[in-house]
Amino acid sequence: MLFNVASDLEYTVHFPSTMLLSIHAQRNASQSVVEEHFSIEPRVQFEEFLAEGSENRFIRLKTGRAKQLKISYRASVDCRFSLLPIRDINLVPLVELNRTALPYLFPSRYCQSDKLGRLAWDLFGKLKHPYERVLAILDWLHENVGYVPGSTSSDTSAYDTVTQRQGVCRDFAHLGIALCRALNIPTRYLSGYAYQLTPPDFHACFECHIGGHWLVFDATRLSHPNGLVRIGTGRDAADAAVASIFGSVSLTKIQVDCTLSPDQKFVGMTRQRAKTTAVSLESFAAAA
């Protein structure tokens, strides 16, 4: 599936600062960047690098004497995903989990699974299959947490969201991750571009390691799991924030877009279909 993604960011710089940006599409075994263009106006010093131990691509820039920054990214990205019938998912005991999944069992800065264990087991512990538990978590989030733009901040954690019962995609993802980890399901944060997201923006979802595959879920129900272009993956948003600022810089404009190449046909994953079919943004070979 070939997607065309774009993001335009404008910032006001109050004094010389350093920024880390995560807006580039990943290059990985199931996602190829066909072409891309990145620019900053005015020209400032920057470098691109991969985060150690991951495929997340970051831009580190120094604002220098610039008072305003205009940042633009364009890319065509070929994304391959897999559909897996739930009946074919063979459960993997915790003791046999792939070692790469183990770090995503533990609490993290925004996903305090250790504080939500009782809630998670009371609500979902009677369900046997981990995929069934994740679907129940998604339903609970949809029914009990309101999607309210601007209602939270960069400091809001999963524990806060349980109390406030409102948030944005990042908060839904963090709470979903925390509840899954509390049930011993390895779960990681995913940031990306989302096809048919309204209004268009960067989007946050999460992936659960079930049956040897990383399966993707959107707790907000605003995007299609098979319509995502991966930007970053991590324990939570601290590992994959769109922008991390060291200094004093204010965002003044953001515009994000994700469209389908004209020669492509897209069939979204519905909630009903998700009961029997899981989506992995990796090929089966890569996910195992």
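Two residues are taken to be in contact when heavy atoms of theirs lie within 4.5 Å. In the predicted model described here, tyrosine 131 touches Ile86, Ile210, Leu215, Phe217, Ala274, Lys275, Thr277 and Ala278, with residues up to four places away in sequence left out of the list. Tyr131 is one of the buried residues of helix 2, and the description therefore begins with that helix and the core around it, before turning to a cavity, a pocket and several details of the backbone.

Helix 2 comprises residues 130-144, and its 15 residues reach 21 Å from the first C-alpha to the last, close to the 21 Å expected at 1.5 Å a residue. Along this helix, Pro130, Tyr131, Arg133, Val134, Leu135, Ala136, Ile137, Leu138, Trp140 and Leu141 are buried. These buried residues pack against two helices, helix 1 (117-124) and helix 4 (169-182), and against three strands, namely strand 10 (202-210), strand 11 (213-217) and strand 14 (277-280). Glutamate 132, which also belongs to helix 2, has a relative accessible area of 41% and is therefore classed as partly exposed, since that class lies between the buried limit of 20% and the exposed limit of 50%. Between the C-alpha atoms of glutamate 132 and glutamate 207, which stand 75 residues apart along the chain, the separation is 14 Å.

In soluble globular proteins, nonpolar side chains tend to be buried together. In this model the largest nonpolar core contains 42 residues, and those with the most contacts inside it are Tyr131, Leu175, Phe206 and Phe217. Two or more residues are given to this core by each of helix 1, helix 2, helix 3 (158-164), helix 4, strand 10, strand 11 and helix 5 (237-240). Helix 4 provides the largest share of the core, with 9 residues. Another core, of 32 residues, lies apart from this one and includes Phe3, Ala75, Val229 and Ile231.

Phe3 appears again in the lining of the largest cavity, together with Asn28, Ser30, Gln31, Cys79, Arg80, Phe81, Asn226, Leu228, Arg230 and Leu281. The space in this cavity is about 80 Å³, and the count of cavities of 30 Å³ or more comes to 1. When the residues of its lining are sorted by class, 5 are nonpolar, 4 are polar and 2 are charged.

The largest pocket has a volume of about 1,000 Å³. It is lined by 35 residues, of which Ser154, Arg170, Ala241, Val242 and Ala243 are the closest to its centre. At least two residues of this lining are supplied by each of strand 1 (2-21), helix 4, strand 9, strand 10, helix 5 and strand 13 (243-260), and strand 13 gives the most, with 5 residues. By class, the lining of the largest pocket divides into 23 nonpolar, 8 polar and 4 charged residues. Helix 4 thus has a part both in the lining of the largest pocket and in the largest nonpolar core, to which it gives 9 residues.

Most residues other than glycine have a negative phi, and most peptide bonds are trans. Against this background, a cis peptide bond joins glutamate 41 and proline 42, with omega at about -10°, and proline 42 is placed in the loop between strand 2 (31-41) and strand 3 (46-50). The peptide bond from threonine 198 to proline 199 is also cis, with omega near -10°, and proline 199 lies in the loop between strand 9 (187-194) and strand 10. Glutamine 196 is found in the loop between strand 9 and strand 10 as well, and its phi is near 65°, a positive value in a residue other than glycine. With a relative accessible area of 44%, glutamine 196 is partly exposed. A positive phi, near 60°, is also found at arginine 165, which lies in the loop between helix 3 and strand 8 (166-167) and counts as partly exposed at 34% relative accessibility.

Phenylalanine 106 occupies the loop between strand 6 (82-85) and helix 1. Beyond the residues up to four places away in sequence, phenylalanine 106 touches Ser113 and Arg181. From phenylalanine 106 to isoleucine 137 the distance is 18 Å, C-alpha to C-alpha, across 31 residues in sequence, and Ile137 is one of the buried residues of helix 2.

How values were computed:
Residues are numbered from 1 along each chain as its sequence is written. This is a predicted model: local features need pLDDT of at least 70, side-chain atom pairs count only at pLDDT 80 or more; totals for chains, interfaces and linings use all residues. Side-chain values use heavy atoms; hydrogens and water are left out. Helices (H or I, at least four residues) and strands (E, at least two) are DSSP runs, numbered from the N terminus. The expected span of a helix is 1.5 Å times one less than its number of residues. Buried means under 20% relative accessible area, exposed over 50%, partly exposed in between (1.4 Å probe, protein chains only). On a 1 Å grid over the protein atoms alone, a cavity is a set of points where a 1.4 Å probe fits but cannot get out, and a pocket is an open set with protein on both sides within 12 Å along at least five of seven lines; lining residues have an atom within 4 Å of a point. Grid points are joined across faces, edges and corners, and a volume is the space filled by probe spheres set on the points. Ala, Val, Leu, Ile, Met, Phe, Trp, Tyr, Cys and Pro count as nonpolar, Asp, Glu, Lys and Arg as charged, and the others, Gly among them, as polar. A nonpolar core is a set of buried Ala, Val, Leu, Ile, Met, Phe, Trp, Tyr and Cys residues joined through side-chain atoms within 4.5 Å.
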